Structure formats: structure tokens, C-alpha cells
Amino acid sequence: QVHLVESGGGSVQAGGSLRLSCVASGYSFSEYCTGWFRAAPGKEAEVNEREGLGVIDQNGRAHHADSVKDRFVVSQDSARNTFYLDMKSVRAEDTGTYYCAADLCRRNEKGKMEWGDALNAWGQGTLVTVSA
């Protein structure tokens with residue numbers, strides 16, 4: 001059974017930094033990708049509207065969304081079965097609930113990462129609030 005547990009959320013001032021963690025288990029990291037997504041306030045239940053931020057693919061490579069690639073970094077500590085989202089220079093619009101997810105993924109012809117629905121596995125989310 002896939003199990004994803006996020007932590008590290010909280011309040012942070014605009015311009016600051018934050019590290020989110022996701023402890024993952026129950027699936028093969030060499031078969032499935034692990035990604036970080038964000039839900040806008042009030043939209044937590046709308047899974048299909050969550051914004052993809054970054055992915056560690058089956059080969060351990062990191063891919064980042066264009067919208068955050070200059071500020072956010074996804075990484076993996078294989079020994080700890082833990083994935084990280086490092087956020088810097090945070091802005092008010094970064095406020096939201098951050099989720100860790102596991103599923104198939106692939107890079108399409110345009111170089112964009114596409115997320116599958118084979119596992120449909122999500123963590124419970126961790127709330128990040130950025131204050132001015």
C-alpha cells in the first residue's frame with residue numbers, strides 16, 4: 001500500500017525559505033515517479049486542479065515546472081525514502097496546501113511532464129501560508 005506523509009508546512013514571511021518533506025513507501029521508486037503539487041486555498045478537494053511543481057522521475061531525475069523552476073527544487077534522499085521540496089523567495093501566491101504524490105509520469109514531445117493515474121496516490125497535504 002502506497003503511503004505518503006508530508007511535513008514541514010507552516011507560516012513563512014514573503015522572501016523567506018521553507019523545506020517540505022515527504023516520506024514515501026509502498027511502491028518502487030524505479031517504476032513510479034514522485035511529485036509535488038499545490039492546491040490553491042479552498043481548492044484542496046479538486047485533485048485535477050492541483051498545480052504540478054516538480055517531479056523526481058523513475059530514473060531519479062528532477063523536473064521542475066517553468067512557473068517555479070527559479071525558486072523551487074525537488075530532490076530525493078533514497079536512503080531515507082524521503083523527497084523534498086525546497087522553496088526560496090516565497091511569495092504570497094505560494095500560499096496553499098502542498099501535496100506529495102506517486103504515479104507514472106512521462107515527458108511528452110514538448111518536454112513537459114505528464115502525470116498518470118495508475119496509482120492515484122496522494123499524501124494528506126501540508127499547509128504553507130506566506131505572509132507579507
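Okay, let's start with the pocket: sixteen residues line the largest one, and Gly52, His64, Ala65, Lys112 and Met113 lie nearest its centre. A quick word on what counts here. On a 1 Å grid over the protein atoms alone, a pocket is an open set of points with protein on both sides within 12 Å along at least five of seven lines, where a cavity would be a set where a 1.4 Å probe fits but cannot get out; lining residues have an atom within 4 Å of a point.

Before I go on, this is a predicted model, where local features need pLDDT of at least 70 and side-chain atom pairs count only at pLDDT 80 or more, while totals for chains, interfaces and linings use all residues. Residues are numbered from 1 along each chain as its sequence is written, and side-chain values use heavy atoms, with hydrogens and water left out.

Back to the pocket. The volume of the largest pocket comes to about 320 Å³, that being the space filled by probe spheres set on grid points, which are joined across faces, edges and corners. Which strands supply at least two residues each to its lining? Those are β5 (51–56), β6 (62–64) and β11 (113–115). The most comes from β5, with four residues. When I say strand, I mean a DSSP run of E, at least two residues, numbered from the N terminus. As for the chemistry, the lining has six nonpolar, five polar and five charged residues. In that split, Ala, Val, Leu, Ile, Met, Phe, Trp, Tyr, Cys and Pro are nonpolar, Asp, Glu, Lys and Arg are charged, and the others, Gly among them, are polar.

Now, the sheet. Strands of a sheet pair through backbone hydrogen bonds, either parallel or antiparallel. In this model, four strands make an open sheet, ordered β1-β3-β8-β7, with antiparallel pairing. On the edges sit β1 (3–7) and β7 (72–77), each pairing on one side only. On average, neighbouring strands of this sheet are turned by 20 degrees against each other, direction ignored; the axes are lines fitted to C-alpha atoms, and angles run from 0 to 180 degrees between N-to-C directions.

Let's walk across it. From the β1 edge, five bridges join β1 to β3 (residues 18–25), and there His3 stands opposite Ser25. Two strands count as paired, by the way, if DSSP finds at least two bridges between them. Next, β3 and β8 are antiparallel over six bridges, with Leu20 opposite Leu85. Then six bridges join β8 (residues 82–87) to β7, where Phe72 has Met87 as its bridge partner.

Next up is β13, residues 126–131, where the side chains alternate. Which of them are buried? Thr126, Val128 and Val130 point to one face and are buried, while Leu127, Thr129 and Ser131 point to the other and are not. Strand β13 pairs with β2 (residues 10–13) in the parallel sense over four bridges, and one partner pair there is Gln13 and Ser131. With β9 the pairing is antiparallel, over three bridges, and Tyr98 stands opposite Thr126.

Let's stay on Thr126. Its relative accessible area is 9%, so Thr126 is buried; the cut-offs are under 20% for buried, over 50% for exposed and partly exposed in between, using a 1.4 Å probe and protein chains only. Thr126 and Leu20 are 106 residues apart in sequence, yet 8.3 Å apart in space, C-alpha to C-alpha. Leaving aside neighbours within four places in sequence, Thr126 is in contact with eight residues I can list: Glu6, Ser7, Gly8, Gly9, Leu20, Gly96, Thr97 and Tyr98. Contact means heavy atoms within 4.5 Å.

Over in β9 (residues 96–103) we find Ala101. Why does Ala101 count as buried? Because its relative accessibility is 0%. Not counting residues up to four places away in sequence, Ala101 touches Leu4, Cys33, Thr34, Gly35, Phe37, Trp115, Ala121 and Trp122. Trp115 is 14 residues from Ala101 in sequence and 9.8 Å from it in space, C-alpha to C-alpha.

Last stop, two loop residues. Ser89 is in the loop between β8 and β9, and its phi is near 50 degrees, a positive value in a residue other than glycine. At 37% relative accessibility, Ser89 is partly exposed. Asn120, in the loop between β11 and β12 (121–122), also has a positive phi, near 50 degrees. Buried or exposed, then, for Asn120? Asn120 is exposed, since its relative accessible area is 55%.
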